[in-house]
Amino acid sequence: MKKIELHTPISEKNIRKLNVGDHVFLSGTIITARDSAHRRMMKHIAEKRKIPFSLKDMALYHCGPLVKAHGDEWLVLAAGPTTSMRMESFEAEIIRNLGVRLIIGKGGMGWKTREAMKRYGAAYAAFTGGAAVLAAKRIKRIIDVKWLDLGLPEAVWIFEVDRFGPLIVGIDSHGRSLYEEVRAKTLRRLNRIVEDVISE
Amino acid sequence: MEKIFKLDEEDEYYVPFSRLAENLDLQNLIEKLTVNLLRLAVTELPADVKKALKDAYRKESNPIGKIQLKAILENIQLAEEERIPICQDTGLISFYVKVGSEFRDLSKIEEALIKGVKRATVEIPLRPNAVNPFTQRNTNNNIGRYVPCIHWSIIDGDYLEITAFPKGGGSENMCALRILKPAEGLSGLKRFVIESVVDAGGMPCPPTIIGVGVGGTSDMAMNLAKKALLRPIDKSHSDPVIAELERDLLRAVNSTGVGPMGLGGDSTALALKIEYAHRHPASYPVAIAFQCWAARRATARVYSDGRVECLSHKDRNLL
């Protein structure tokens, strides 16, 4: 397990250096998007409309933060990841069209995203689910917020982060997925486990 | 135990407790208690959950799993010190309310809970999580149709017991219900539990607490599974046969290797709790409710005379 420091913008060369299980800290810009923002990005892509932020060589974070209004500004109190699998049906297209390099979330993603990551040079990193205060501590400031009409959790928040982590590379650009490997190992054991507990 | 009135019988202004209680604004008290109970729930895990997570960290042999548990423990400490919600997903707010038939102002409890949630959303704050399923509009105050979810039960006595149970969407999305054939029985139940844990993988934020509801009607089975989650981790079922089944299934679940956050490891679940009801001869309902590691709950008891006692966390003043 290697420890790696990454900075945005992330080049294809640097993303291809990552392997599943690597331990990463990320500095620079991360952009949040969850269900509604993904749907809207897809609509913009389909209608060939300009998206008001750039994901090229950036990190996209599956997160709906808890924020607090403070005068004219927003304060980020808690910003852990949300379940990435809900974005599975969109993510391959987002990677292909918008050039995202790193996707941060929790719980892993499916084969469509894994294939797109291999093809276009991107990776998936897991941030510990629920560790939301720890995540917020690594957010230095809010650079911008877009699509606030989607509601606070669904809006697109653009954060400047410093050594955001611990991140674990769950899917790399070489076609490997730690989630699929853990699952395959689990499925091999499954019948034995069930039979053992039934006979108890 | 907290008393909101300090009485000194020597004092010439002494008023008997019963007369003070008549003037007590219970609705206001419950509203304030709701805010403080939610604040306690979302910022500080009960001692049994913290202990289970520390034990899991100590025992975890997978280095990636260990990193996850370390981040969890650091996060819990930060949240507690700074009184910030442990997780940004403060859930669709639920309450389990036991109300004594002798308790005063029964009709005002619901309104007080709703007002308390509104205030808590701003004051703590909580993430606004009540969305209309047809218009997709967020109400922005955590109040909506049938929300907060309030589960009532009527008991003997003159007190009210409120459990705030803010449960996140990630674990809620993995809940499963299946009506097994009675012939499949216990074997079917065991298979269903283990397969559900494997299917859920990292999505419900393991190490989880797993509630299993068996029997009753379909809705009752899920309700029982949820109620099982309210039981402290160190408490087994009172029936020794079921307690043994809880231990066996927990061991089986933890041998799957799903691990913290589904990244592999020994700690897939912190606890597994079963509750049951008698079933119809033709059906064998089994419900599985997942609770993420951030197993947030806070319980307080309110007496008709205005005394408030915190049951989930030691020595807390909730007013």
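At what angle do the axes of helix H6 of chain A and H7(B) cross, and within what distance do they come? In this predicted model, the axes of H6(A), which spans residues 178-199, and H7(B) come within 10 Å and cross at roughly 160°. Because angles over 145 degrees count as roughly antiparallel, H6(A) and H7(B) are therefore roughly antiparallel to each other, and their crossing is right-handed.

A second helix pair lies within chain B, where H3(B) and helix H4, residues 63-82, pack with their axes 9 Å apart and at an angle of about 150°. By the cut-off of 145 degrees, H3(B) and H4(B) are therefore also roughly antiparallel to each other; the crossing of H3(B) and H4(B), however, is left-handed.

Helix H3(B), residues 47-59, also contributes to the lining of the second largest pocket, as do strands S1 (94-100), S2 (149-155) and S3 (159-164) of chain B, each of these elements giving two or more residues. The pocket has a volume of about 650 Å³ and is lined by 24 residues, among which Glu161(B), Thr163(B), Leu230(B), Pro232(B) and Thr299(B) lie nearest its centre. By class, the lining of this second largest pocket comprises 9 nonpolar, 9 charged and 6 polar residues. Both domain 1 (18-43 + 87-168 + 296-310) and domain 2 (169-291) of chain B take part in this lining, with at least three residues drawn from each.

Several features of the backbone also deserve description. Most residues other than glycine have a negative phi, and most peptide bonds are trans. In chain A, a cis peptide bond joins Gly165(A) and Pro166(A), with an omega of about 5°, and Pro166(A) is placed in strand S9, which covers residues 156-171 of chain A. In chain B, the peptide bond from Pro206(B) to Pro207(B) is likewise cis, its omega being near 10°. Pro207(B) lies in a loop rather than a strand, between helix H7 (185-200) and strand S5 (208-214) of chain B, and H7(B) is the helix whose axis crosses that of H6(A) at roughly 160°. A further feature concerns Asp57(A), which has a positive phi of about 60° although it is not a glycine; Asp57(A) is located in the loop between helix H2 (35-46) and strand S3 (59-61) of chain A.

Notes. Residues are numbered from 1 along each chain as its sequence is written. Chains are lettered from A and ligands numbered from 1 in the order in which they are written. This is a predicted model: local features need pLDDT of at least 70, side-chain atom pairs count only at pLDDT 80 or more; totals for chains, interfaces and linings use all residues. Side-chain values use heavy atoms; hydrogens and water are left out. On a 1 Å grid over the protein atoms alone, a cavity is a set of points where a 1.4 Å probe fits but cannot get out, and a pocket is an open set with protein on both sides within 12 Å along at least five of seven lines; lining residues have an atom within 4 Å of a point. Grid points are joined across faces, edges and corners, and a volume is the space filled by probe spheres set on the points. Helices (H or I, at least four residues) and strands (E, at least two) are DSSP runs, numbered from the N terminus. Ala, Val, Leu, Ile, Met, Phe, Trp, Tyr, Cys and Pro count as nonpolar, Asp, Glu, Lys and Arg as charged, and the others, Gly among them, as polar. Domain bounds come from an automatic or database domain assignment. Axes are lines fitted to C-alpha atoms, for helices over the stretch in contact, and angles run from 0 to 180 degrees between N-to-C directions. Angles under 35 degrees count as roughly parallel, over 145 as roughly antiparallel, 65 to 115 as roughly perpendicular and the rest as oblique. A crossing is left-handed if the near helix is turned anticlockwise from the far one by less than a right angle, and right-handed if clockwise.
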